[in-house]
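Got your viewer open? Load the model, and let's walk through it one selection at a time.

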Amino acid sequence: MTKQLSLLILSFFFTIFTYSQSYTLEGEWYNEEKDAIITIKKKKNKTYSGYITWMKFPKDENGNPKTDPLNPYETLRNRERMGMEIMYNFEYDKDNQWDEGRIYDPKSGNTYKGTITMNSRNRLDLRGYVGISWFGRTSYWTRKIKENI
């Protein structure tokens, strides 16, 4: 009886630990197209932001660094994409979810509301939307795994 009770208690704690696992959002993430890496960092105000830190094609057809020509603000159209903050103000909610964020898409010049859900340590679902989240699109990002050299 004692052995069965011990096994029951042990399995209960294992189940709680498994389902309450929290993943870290910080790190390097490939976007869905795998043509950019976005590095997500926690800021001093405890929100999360993401910056473009690698691009498969960082230069335009003239060999110049790609800029932000579709930005609705004319003063920002000449800024370089490399290093650009494209996601910001994400706040941890609960259960591996971050809300209240904004996502800027330099390929369209649009900014969207956003949520992040981490399904595993190495995959996140980034949902951008206008108005309510039903009217949006989800992009699936994968963590850049450091290679052992």
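How many of the 149 residues of the protein chain, in percent, count as buried? The answer is 29%, where buried means under 20% relative accessible area, exposed over 50%, and partly exposed in between (1.4 Å probe, protein chains only).

Before you click further, know that this is a predicted model, in which local features need pLDDT of at least 70, side-chain atom pairs count only at pLDDT 80 or more, and totals for chains, interfaces and linings use all residues. Residues are numbered from 1 along each chain as its sequence is written, and side-chain values use heavy atoms, leaving out hydrogens and water.

**Stop 1: the whole chain**

Switch to a cartoon view. You'll find one helix and eight strands, in the order α-β-β-β-β-β-β-β-β from the N terminus on. Here helices (H or I, at least four residues) and strands (E, at least two) are DSSP runs, numbered from the N terminus.

Now show the surface. The protein chain exposes about 10,500 Å², and carbon and sulfur atoms supply 55% of that. These areas come from the Shrake-Rupley method with a 1.4 Å probe; for residues, only the protein chains shown count as cover.

**Stop 2: the barrel**

Select the strands. They form a closed barrel of eight, running β1-β2-β3-β4-β5-β6-β7-β8 with antiparallel pairing; two strands pair if DSSP finds at least two bridges between them. From one strand to the next, the twist averages 35 degrees, using axes that are lines fitted to C-alpha atoms (for helices over the stretch in contact) and angles from 0 to 180 degrees between N-to-C directions.

Start with residues 27-30, which are β1, and residues 36-42, which are β2: this antiparallel pair has four bridges. Click Gly 27 and you'll see Ile 40 of β2 opposite.

Next, β2 and β3 pair in the antiparallel sense over seven bridges. Lys 41 has Ser 49 in β3 as its bridge partner. The hairpin of these two strands has five residues in between, and Lys 46 there takes a positive phi near 70 degrees.

Why is β3 largely enclosed by the rest of the structure? It's because six of its eight residues are buried. On to its pairing with β4: three bridges, again in the antiparallel sense, with Gly 50 opposite Met 87 in β4.

**Stop 3: Asp 68**

Zoom in on the loop between β3 (48-55) and β4 (85-94), where Asp 68 lies. Is Asp 68 buried or exposed? Asp 68 is buried, with a relative accessible area of 0%. Show side chains, and look for the polar contact of 2.6 Å between Asp 68 and Tyr 104. A polar contact is a pair of N or O atoms within 3.5 Å; within protein, one must be able to donate a hydrogen and the other to accept it, and residues adjacent in sequence count only if both atoms are side-chain atoms.

Leaving aside residues up to four places away in sequence, Asp 68 touches several others, including Leu 76, Arg 77 and Met 84. Contact here means heavy atoms within 4.5 Å.

**Stop 4: Asp 125**

Finally, select residues 123-129: that's strand β7, and Asp 125 is in it. Asp 125 is buried too, with a relative accessible area of 15%. The side chains of Asp 125 and Asn 119 share a polar contact of 2.7 Å. Try a C-alpha to C-alpha distance from Asp 125 to Thr 138: they are 13 residues apart in sequence and 6.3 Å apart in space.
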